[in-house]
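Dear colleague,

I am handing over the structure we spoke about, with the sequence alongside. Please look it over first, and then read the notes below.

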Amino acid sequence: MQKFRSEKEVFQDIKQLIQTHFGESGQGIHVEVKGDKVTLWGTVDALAEKDFMGQRISRVDGVRELDNSLTVANDGNITDKDIEKQVTERFTQANYEDITHLGCRVSQGIVTLLGHVETQSTERLAKRIASQVRGVKEIRSEIQFLEKAVDDATLVNRVENAFVASPWVDAQEIKTTARNGLITITGMVDTQEAIEWAVETAYQVPGVKAVVSEIFARHRSQGEDLHMTEQLVRKLGQHGITSQHVRAFVQEGIAFFSGEVYSDEDRRWAESMIHHVSGIHGINSSIKVAAHSIK
């Protein structure tokens with residue numbers, strides 16, 4: 001039976017998580033824990049930071065509901081034209097061809113994405129890239145999808161095949177249903193990372209309009225494992241390796257890696273980050289090197 005966690009234990013885990021990622025600048029982030037609900041408020045520098053904190057805190061054992069009321073600091077020196085220029089440049093410089101042609105318009109810090117893509121996954125990536133630009137308060141989308149409508153039975157088959165093909169999703173543990181292009185996935189998997197891979201894999205399937213996850217994880221991070229996990233994620237991020245490419249967590253002192261990188265050097269670099277986190281004494285890595293990157 002899973003041990004009940006007190007509000008104090010959850011609060012301490014979250015405060016340590018904020019300290020790990022933000023240091024002294026995290027003092028402006030406030031936390032309240034009531035039962036299994038966590039409320040965040042305060043200011044951050046970018047929308048990406050707000051989203052990142054919400055995503056990381058949602059993983060903490062004992063958190064079932066999150067009210068993320070963080071706001072993006074208002075820098076009066078950043079104009080809408082500055083934001084539009086920065087977002088467009090990031091799209092142009094992206095390593096993803098489907099992103100480079102996208103555009104946007106900006107009004108009072110609200111970015112509306114424009115263009116055409118094939119999958120929801122590409123739109124989600126565009127939103128993540130735009131959210132990293134300072135001054136962005138909100139992101140909306142008028143992106144059009146090139147894929148024609150797909151019937152639900154075909155869509156379920158496509159998603160299930162994608163799960164089978166993924167090295168990081170156990171298709172046997174997940175049930176998939178569809179209604180008017182909305183995919184719902186249910187089941188029980190080992191980790192939060194497995195849930196994230198299942199959701200991202202489903203979004204990559206052409207024809208999927210949205211994904212609702214009702215999957216639960218058997219293991220959620222807490223205490224020392226959580227602290228080491230967040231240190232490891234921070235080290236990876238400092239070296240340009242984000243969860244878009246590699247997901248990592250620590251369980252009982254063992255670092256688990258999954259994802260795909262562009263070269264064997266990138267894989268070795270990611271795995272070497274365990275040497276910078278005290279307490280990690282082993283590694284289990286399923287990082288793949290993209291086929292087109294292998295010499």
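**What was found**

Of the 295 residues in the protein, 44% are buried, and please keep in mind throughout that this is a predicted model. The protein has 9 helices and 14 strands. Its radius of gyration is 20 Å, close to the 19 Å that the globule rule gives for 295 residues, so the protein is as compact as a globular protein of that length. Along its principal axes, the C-alpha trace spans about 50 × 50 × 45 Å. Where contacts link residues at least 6 apart in sequence, 68% of them join residues that are at least 24 apart.

One helix pair may be worth opening in your viewer. The axes of helix α1, which covers residues 7-22, and helix α8, which covers residues 223-238, come within 9 Å and cross at roughly 20°. Since angles under 35 degrees count as roughly parallel, α1 and α8 are therefore roughly parallel to each other, and their crossing is right-handed. On the α1 side the contact is made by Asp 13, Gln 16, Leu 17, Thr 20 and His 21, which meet Gly 223, Leu 226, His 227, Glu 230, Gln 231, Val 233 and Arg 234 in α8. The residues of this contact between α1 and α8 divide into 3 nonpolar, 6 polar and 3 charged.

Two single residues also deserve a look, and the first of them is Ser 131, which lies in helix α5. Is Ser 131 buried or exposed? With a relative accessibility of 5%, Ser 131 counts as buried, because buried means under 20% relative accessible area. Leaving aside residues up to four places away in sequence, Ser 131 touches Ala 46, Leu 47, Ala 48, Asp 51 and Ile 139.

The second is Lys 137, which is placed in the loop between α5 (120-131) and β7 (138-141). Lys 137 has a relative accessible area of 41% and is therefore partly exposed. Again not counting residues up to four places away in sequence, Lys 137 touches Leu 47, Val 72, Asn 74, Gln 108 and Gly 109. Leu 47 thus appears among the contacts of Ser 131 and also among those of Lys 137. Although Lys 137 and Asp 45 are 92 residues apart in sequence, they are 9.9 Å apart in space, taken from C-alpha to C-alpha.

With kind regards

Terms used:
Residues numbered from 1 in each chain as written. Predicted model: local features only at pLDDT ≥ 70, side-chain atom pairs only at ≥ 80, totals over all residues. Heavy atoms only, no water. Axes fitted to C-alpha atoms, helices over the stretch in contact; angles between N-to-C directions. Helix = DSSP H or I, 4+ residues; strand = E, 2+ residues; numbered from the N terminus. Parallel < 35°, antiparallel > 145°, perpendicular 65-115°, else oblique. Left-handed = near helix turned anticlockwise from the far one by under 90°. Contact = heavy atoms within 4.5 Å. Nonpolar A, V, L, I, M, F, W, Y, C, P; charged D, E, K, R; others polar. Rg over C-alpha atoms; globule rule 2.2 N^0.38 Å. Buried < 20%, exposed > 50% of the residue type's maximum accessible area, 1.4 Å probe, protein only.
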